[in-house]
Amino acid sequence: MQQPNALAELNVLLEKSDVDDSAWAEYDYEEGEVLLAKLDSHDRAVLFLSVRAKPVNWRRCLVSILHPSKPDEGEALVGALHDGDEEVVYEALSRLYFFCGFIDSARKGVFQDGRRQIASLWERVRQDQDVLLRVQELSQARRYYAAYWYLLAEAAAPGQNLHE
């Protein structure tokens, strides 16, 4: 009997899922994370090369399980900032802010939390003017992200350190 292929299973899961569905939020995303982690380098390359041809919900679900501590996932997350669908783009922006250490709290508002930061992603965002400009553009287009952008721009300034 042939072993199930993690890439095929992940594709099926992403195809049938929706980020806004409670099933995704409750447990399907965890299955997606497990399947993504099982992929070898070849399957990961195939997955990331196929993104543009996939439906919007598939892309949104993929973005929602990316962990930018892995370089290819970080690149996929940054790349999703230029997706053709606005909801994919803003899913990516939310994840990027989170993994750069910016959190929104009902009590504190938006603040920096270095414990959540993925250092390699943070450095990429801080040092890549194209990424910074895209994040600024997206943050200015949606009022919700304005406070995030203000803190990110301040923290990204030369000489600043997010770890306090």
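This report walks through a predicted model, looking at its largest pocket, one of its helices and three individual residues.

## The largest pocket

Let's begin with the empty space. Rolling a probe the size of a water molecule over the atoms shows where such space is left. In this model, the largest pocket has a volume of about 350 Å³. Its lining is made up of 16 residues, and those nearest the pocket centre are Val-51, Arg-52, Gly-79, Ala-80 and Asp-83.

Three helices each give at least two residues to this lining: H3 (41–49), H4 (56–65) and H5 (71–79). By chemical character, the lining residues comprise nine nonpolar, three polar and four charged.

## Helix H2

Helix H2 covers residues 22–38, 17 residues in total. From first C-alpha to last, H2 reaches 24 Å, close to the 24 Å expected at 1.5 Å a residue. Even so, the helix is worth a look at Asp-28, where H2 bends by about 55 degrees.

Asp-28 is also one of the buried residues of H2, alongside Ala-23, Trp-24, Gly-32, Leu-35 and Leu-36. An α-helix has 3.6 residues a turn, so residues three or four places apart point the same way. You may like to keep that in mind while tracing the buried positions in the viewer. The cover over the buried residues of H2 includes helix H1 (6–16) together with H3, H4 and H5. Of these, H3, H4 and H5 also appear in the lining of the largest pocket.

## His-82, between H5 and H6

His-82 sits in the loop that connects H5 to helix H6 (86–99). With a relative accessible area of 56%, His-82 counts as exposed, because the cut-off for that class is over 50%. Ala-92 is ten residues away from His-82 in sequence, and their C-alpha atoms are 9.3 Å apart in space.

## Ser-120 and Asp-130, in H7 and H8

Ser-120 belongs to helix H7, residues 119–127. Its relative accessible area is 46%, so Ser-120 is partly exposed. Between Ser-120 and Gly-74 there are 8.4 Å in space, C-alpha to C-alpha, although the two are 46 residues apart in sequence.

Asp-130 is found in helix H8, residues 129–141. Here the relative accessible area is 60%, and Asp-130 is therefore exposed. Its partner for a distance check is His-67, 63 residues away along the chain, and the C-alpha atoms of Asp-130 and His-67 are separated by 21 Å.

Technical notes. Residues numbered from 1 in each chain as written. Predicted model: local features only at pLDDT ≥ 70, side-chain atom pairs only at ≥ 80, totals over all residues. Heavy atoms only, no water. 1 Å grid on protein atoms, 1.4 Å probe; cavity = no way out; pocket = protein on both sides within 12 Å on 5 of 7 lines; lining within 4 Å. Points joined across faces, edges and corners; volume = space filled by probe spheres on them. Helix = DSSP H or I, 4+ residues; strand = E, 2+ residues; numbered from the N terminus. Nonpolar A, V, L, I, M, F, W, Y, C, P; charged D, E, K, R; others polar. Expected span 1.5 Å × (residues − 1). Bend = angle between axes of the 7 residues up to and from the residue. Buried < 20%, exposed > 50% of the residue type's maximum accessible area, 1.4 Å probe, protein only. Contact = heavy atoms within 4.5 Å.
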